[in-house]
Structure formats: C-alpha cells, structure tokens
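The following paragraphs lead through one structure, from its loops and strands to its cores and its main pocket. Please keep the sequence and the coordinates at hand while reading.

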Amino acid sequence: MRTAPRDRQVADIRLTRSADVRTIAVDGTLQRCWDFPAVPGHPSGSPIFMVHGFRGDHHGLLRVVEALPQHRILVPDLPGFGSGQPLPGTHDVGAYAGFVAALLSSEMLGLGPDTVLLGHSFGSIIASRVAADHPELLSELVLVNPICEPALEGPKGITSKAAELYYLAAARLPESLGMALLQHPAIVRGMSIFMAKTRDPALRRWIHGQHAAYFSAFANRDVVLDAFRASISTTVRDSAEQLAMPVLLIAAERDDLGSVAGQERLAALIPDAELHVLPGVGHLVHYEAPAEAARLISDFLLRRHA
C-alpha cells in the first residue's frame with residue numbers, strides 16, 4: 001500500500017521526552033537502555049522496544065519516540081555503538097539478537113508479551129531474527145526501512161562491495177589511521193548526503209548534524225567491520241516465513257537499500273504482513289518522516305488491538 005504524503009515540515013525539531021537510563025549487564029558487559037515513560041494525558045498503549053541501525057545509536061530513533069507519546073518506549077545502544085560496550089566474540093546478527101532477547105526478558109525492564117518490537121534498517125534484520133526465535137517475547141513486529149534484498153546482489157552490489165573494501169582497509173591500517181578513516185568527517189558527510197532525500201534545507205542540515213554527532217560513536221574497528229559484514233550478508237527475508245505475529249512494514253519509495261518491488265516480495269513471504277510505502281522518502285524514514293511512521297504504527301496497533 002502506498003501511503004499519501006503528509007506535511008513533513010521541519011520548523012521545529014525539539015525533542016522533549018526524558019528517559020530513565022538503565023544499565024544492564026549482558027554477557028559480562030554493561031549496556032545502556034533509554035526508558036521513556038508514556039507521556040501523561042495520553043491514552044496508554046503497549047510498550048515499544050526499538051532497535052537502531054548500523055553505525056547509529058539510540059539518538060537516531062528519538063524523533064519517532066517523540067511522535068509516539070502514548071507509549072512507553074525503550075531504546076538501547078547496540079553493543080559496541082554509542083555507549084554500549086562490545087560483546088565477547090563476533091558482533092553478528094545472532095549476537096545482537098541475543099542481546100535484544102536478553103533485554104526483552106530482563107526483570108529490570110519488566111516487559112511482557114504485549115511488547116511491540118521495532119527495528120530500523122540493520123535493526124530490522126536483528127528484530128526479525130528475535131521475533132522468529134522468540135515469538136513469546138512480543139505481540140507485534142514493526143520494521144522501518146526493512147532490509148529486503150541482499151546488498152551484494154543487483155545494481156547496488158558494486159556500491160556495497162566498495163563500502164566493504166573501505167571497512168576492510170580501515171581494519172587493516174594501523175589503528176590510529178584506521179579509526180581516522182572510519183571517522184573522517186568528509187566520509188561521514190558523504191554517507192549522509194547519499195542517504196538524505198529531503199529537499200528541506202533545514203532538515204538536511206539537521207540530518208547531517210545528527211550523523212556528524214553520532215555516526216562515529218563506536219568502540220573499535222572490529223565491531224564496525226563485524227556489524228557491516230552482518231548488514232550486507234543477511235536480510236529480513238532470512239526470517240520472514242517464521243514470523244508468527246502481525247508485522248508492519250514501513251518502506252520508502254526512494255530507499256537505496258531496498259526497492260519497492262523487493263519490499264513487496266518480502267511482504268508476500270510473511271504470513272501476516274501489512275506494507276506501506278512512503279513516497280519521496282529514502283532510507284532515513286526515522287529522520288525525514290517520523291510523524292508519518294508514527295501514525296502508521298499507531299493505526300496498526302489500534303486495529304490489531306481493537
């Protein structure tokens with residue numbers, strides 16, 4: 001289903017919700033999760049647990065958090081990114097799915113089977129793996145900009161291969177040079193320009209500022225290389241047929257990492273899926289159209305819980 005555009009003006013990008021920051025031990029490491037209580041005065045909805053994408057941290061999802069005031073929302077930094085400590089071993093999809101499952105079942109967070117699990121981009125791969133392996137931990141699954149096609153196949157395969165060489169070079173250089181390459185402002189800005197599709201100059205500046213502030217907040221080169229390899233070698237399709245719960249797919253017409261046709265094929269694999277395609281938006285739905293995404297999520301949950 002193609003969803004008609006609504007206003008995406010960025011006159012005011014204030015983030016007002018405050019969170020309790022939880023520190024949780026996972027596999028001998030300390031991890032942090034931002035726990036936003038529902039805003040008083042709004043009807044109470046199910047708790048939502050959100051998983052951010054590659055090279056980001058919890059900050060990337062805050063505009064979506066802001067647009068869902070009726071829900072308690074929990075957003076961790078993935079291990080090795082933001083303030084999350086690296087996990088022992090390889091940072092692949094299995095390791096990250098184990099981390100998310102550990103938090104969903106943590107007594108400290110007190111979540112139950114009514115929890116909605118949301119993943120953006122690389123987080124969609126992680127969230128779908130958790131949902132397939134542990135359906136008892138959640139009620140619905142929401143995937144924003146889901147990774148629906150293998151990155152190394154098709155026309156974008158050359159771009160993905162070039163990116164892989166970039167991460168390999170950064171891993172093989174002396175540490176100081178490798179870190180400098182990974183965190184170089186010009187490269188981070190280039191990635192941001194490539195992904196941003198909005199024509200709103202204020203929003204573009206804000207997006208570039210977000211990437212400059214948080215896109216290089218990772219623990220070490222090994223974490224980044226592990227996570228990048230995981231992000232280009234797996235897709236939501238790997239778990240699609242095992243998803244037993246209702247699934248909302250929020251895709252984007254101009255997403256360079258997943259074509260509309262690919263999203264439609266993904267939706268056809270999932271037993272109970274609802275697909276919406278936002279026109280004029282790319283891989284940054286969480287930045288460019290958070291209010292639209294939030295409306296789709298709210299409508300989906302209201303209908304499912306009616």
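Helices and strands are here DSSP runs, numbered from the N terminus, a helix (H or I) having at least four residues and a strand (E) at least two. In these terms, Asn145 belongs to the loop between strand 6 and helix 4. The model under discussion is a predicted one.

Asn145 is not a glycine, yet its phi is positive, at about 50 degrees. This residue is also buried, its relative accessible area being 0%. Arg55 offers a second case of positive phi in a residue other than glycine, with a value near 70 degrees. Arg55 is found in the loop between strand 3 and helix 1, the latter covering 62-66. With a relative accessible area of 0%, Arg55 counts as buried, because that term applies to anything under 20%.

The loop between strand 6 (140-144) and helix 4 also holds Cys148. Cys148 has a relative accessible area of 1% and is therefore buried. Which residues does Cys148 touch, not counting those up to four places away in sequence? They are Thr235, Arg237, Gly258, Ser259, Gly262, Gln263 and Leu266. For Gln263, 115 residues apart from Cys148 along the chain, the separation of the two C-alpha atoms is 5.8 Å.

Attention now turns to the strands. Strand 4 (residues 73-76) pairs with strand 2 (residues 29-36) in the antiparallel sense, over 4 bridges. Within that pairing, Asp35 has Leu74 of strand 4 as its bridge partner. Strand 3 (residues 48-51) runs parallel to strand 4 and is joined to it by 2 bridges. Here Ile48 has Ile73 as its bridge partner in strand 4. In a regular strand the side chains alternate between the two faces of the sheet. Strand 4 sends Ile73 and Val75 one way and Leu74 and Pro76 the other way, and all are buried.

In soluble globular proteins, nonpolar side chains tend to be buried together. The largest nonpolar core of this model has 62 residues, and those with the most contacts inside it are Phe49, Phe81, Val100, Leu117, Phe122 and Leu141. Helix 2 (residues 93-104) supplies the largest share of this core, 8 residues. Val100 is in contact with Phe49, Val51, Leu117, Ile126 and Val130, leaving aside its neighbours within four places in sequence. A second core, separate from that one, has 28 residues, including Phe36, Met50, Val75 and Ala293.

Ala294 is part of helix 12 (residues 290-304). Its relative accessible area is 2%, so Ala294 is buried. Residues up to four places away in sequence not being counted, Ala294 touches Ala67 and Leu68. Between Ala294 and Lys161, 133 residues apart in sequence, the C-alpha to C-alpha distance is 34 Å.

The last feature is the largest pocket, which holds about 850 Å³ of space. This pocket is lined by 38 residues, and the closest to its centre are Phe54, Met195, Phe215, Leu257 and His283. Helices that each supply at least two residues of the lining include helix 6 (185-195), helix 7 (201-214) and helix 8 (221-233). The largest share of the lining, 6 residues, is from helix 4. Classed by residue type, the lining comprises 19 nonpolar, 14 polar and 5 charged residues.

Note on methods: Residues are numbered from 1 along each chain as its sequence is written. This is a predicted model: local features need pLDDT of at least 70, side-chain atom pairs count only at pLDDT 80 or more; totals for chains, interfaces and linings use all residues. Side-chain values use heavy atoms; hydrogens and water are left out. On a 1 Å grid over the protein atoms alone, a cavity is a set of points where a 1.4 Å probe fits but cannot get out, and a pocket is an open set with protein on both sides within 12 Å along at least five of seven lines; lining residues have an atom within 4 Å of a point. Grid points are joined across faces, edges and corners, and a volume is the space filled by probe spheres set on the points. Ala, Val, Leu, Ile, Met, Phe, Trp, Tyr, Cys and Pro count as nonpolar, Asp, Glu, Lys and Arg as charged, and the others, Gly among them, as polar. A nonpolar core is a set of buried Ala, Val, Leu, Ile, Met, Phe, Trp, Tyr and Cys residues joined through side-chain atoms within 4.5 Å. Buried means under 20% relative accessible area, exposed over 50%, partly exposed in between (1.4 Å probe, protein chains only). Contact means heavy atoms within 4.5 Å. Two strands pair if DSSP finds at least two bridges between them.
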